[in-house]
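Thanks, everyone. I have one structure to go through today, so please have the sequence and the 3D view open.

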Amino acid sequence: MIRPAELIQRKRDGGELDADELRDLILGYARGDVPDYQLAAFCMAVYFRGLSSAETYALTQAMIASGTTLELGAELGRRVVDKHSTGGVGDKTTLAVGPIVAACGVPFGKMSGRGLGHTGGTLDKLESIPGFRVELSRDEFVAQVREIGLAIIGQTADLVPADKQLYALRDVTATVDNVSLIAASIMSKKIAAGADAIVLDVKVGDGAFMKTLADATILADTMIDLGRRARREVVCLLTDMDQPLGRAVGNALELREAVATVRGEGPADFTELVLDACARLLALSDLGVDVAEGRRRAETAIADGSALAAYERWIRAQGGDPSEDVLSEAAVVAHVEAPHSGYVTRLGAAAVGVAALHLGAGRRTKDDAIDHSVGVVCRRKRGDRVAAGELLAEVHARDEADAAEGVRAVLAAYELAADPPPDRALVLDVLA
Ligand code: URA
């Protein structure tokens, strides 16, 4: 019988844990034998001391072993694809990519997560839709990928239950931004859910967990290695998260923007990332197309309405109503105005993410309910020119007091100057 306190102490002091010890700790936690406070202390020790690559692999394996696993490709007789982001602000990419890829005839099956820290989570965004079920059983998940071509679920009691618990714990104990913990969390979900090929969007910058391209590259390499050991094909896009992606930040607001993008009416930066991710997923699929042809097919699916039809089928299949009328709206919408004229030289993604969190779009403790209606819409972004008094952003809030606080926070996220900022590419690197 392991003594968790001894393992925590060894990690705290810079020692190494073997695979059996990590497995016992994680399985004990998933069974409820090891309490939250000991895992929180363990995660903090990992945060400061790190994990070796052998430990990271063992942690990932232990998390997978906390539940059952799927081989989606074998079940469907098709190559199934998946995509995952390491977490950003305004990152609703999956919500648009899934239906576009499905409309192109490629099965897409994915396990997502909830908001983490100042970043949003796909499951929370989907739950803006009344009735939408993120907890499908294993059989329901497989059947839906087979019949609808698309299913997105949360971690369950069956599939990586250890990540479900750890994820919620890390969210509120300042232990998210560690390469090994992120890699094990993401890759345990990807491997357990059973897709054959995975595009990972590794976010870089102020609003990401990895602030520099060098750190993001280490995270990408770690995940590619975990994927390779599980015989999965993994491509990592390293993408800019210095400013929010698209305009909307906040659950229902982001869902609306994702649907607009599936209709061909999305913001340029977001649409570009969605098309790039779709192109790479189609190139990894069994369609036998290259990235350029993948992109052409993704553009066609948007233009001919088949992506929107796939979106509607998917939402209905998981119990929701795809009409935007059912999405909640915030009671107060306040304006953030430019204090003087100039170019937007900076729009801090982390500051906007934290503002949305404080408005109620994210959690402060594990059991917090979130408010799907609130958030921020950034009407002006880096490089845009504004005149004094022009609208920079909207704050969608529960009441006037929250709105006033949100306006102050979002205004502080903007920097305006006389000269335009240098261009920054959206896709900074691609690793495979
Ligand atoms: N996404 C995940 O699924 N896990 C993390 O730890 C970070 C982002």
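V354 has a relative accessible area of 32%, so it counts as partly exposed; buried would need under 20%, and exposed over 50%. Before I go on, note that this is a predicted model. V354 belongs to helix 16, which covers residues 349-361. How far is V354 from G342 in space? From C-alpha to C-alpha the separation is 25 Å, for two residues 12 apart in sequence.

Now a residue with another kind of environment. K125 is part of helix 7, residues 122-126. Is K125 buried or exposed? Its relative accessibility is 1%, and therefore K125 counts as buried. Leaving out residues up to four places away in sequence, K125 is in contact with D91, K92, L95, G120, N251, E254 and L255. That list includes another lysine, K92, and two acidic residues, D91 and E254.

Next, the sheet. It is open, has three strands in the order 10-8-12, and its pairing is antiparallel. Strand 10, residues 385-386, and strand 12, residues 414-417, are the edge strands; each has a single partner strand, so on one side each lacks a neighbour in the sheet. As a general reminder, strands of a sheet pair through backbone hydrogen bonds, in parallel or antiparallel fashion. Between strand 8, residues 342-347, and strand 12, there are four bridges, in the antiparallel sense. Which residue of strand 12 is the bridge partner of Y343? That is A417. Helix 17, residues 400-413, packs on this sheet and touches both strand 8 and strand 12. The direction of helix 17 makes about 45° with that of strand 12.

Last, a helix pair. Helix 3 spans residues 36-49 and helix 9 spans residues 161-171; their axes come within 10 Å and cross at roughly 70°. Why do I call them roughly perpendicular? The term covers angles of 65 to 115 degrees, and helix 3 and helix 9 therefore qualify. The crossing of helix 3 past helix 9 is right-handed. On the helix 3 side, the contact involves D36, L39, A40 and C43; helix 9 contributes L166, L169 and R170. By class, the residues of this contact are five nonpolar and two charged, with no polar ones.

To recap the two single residues: V354 is partly exposed, while K125 is buried. That is what I have; I will take questions now.

Terms used. Residues numbered from 1 in each chain as written. Predicted model: local features only at pLDDT ≥ 70, side-chain atom pairs only at ≥ 80, totals over all residues. Heavy atoms only, no water. Pairing = 2+ DSSP bridges. Helix = DSSP H or I, 4+ residues; strand = E, 2+ residues; numbered from the N terminus. Contact = heavy atoms within 4.5 Å. Axes fitted to C-alpha atoms, helices over the stretch in contact; angles between N-to-C directions. Parallel < 35°, antiparallel > 145°, perpendicular 65-115°, else oblique. Left-handed = near helix turned anticlockwise from the far one by under 90°. Nonpolar A, V, L, I, M, F, W, Y, C, P; charged D, E, K, R; others polar. Buried < 20%, exposed > 50% of the residue type's maximum accessible area, 1.4 Å probe, protein only.
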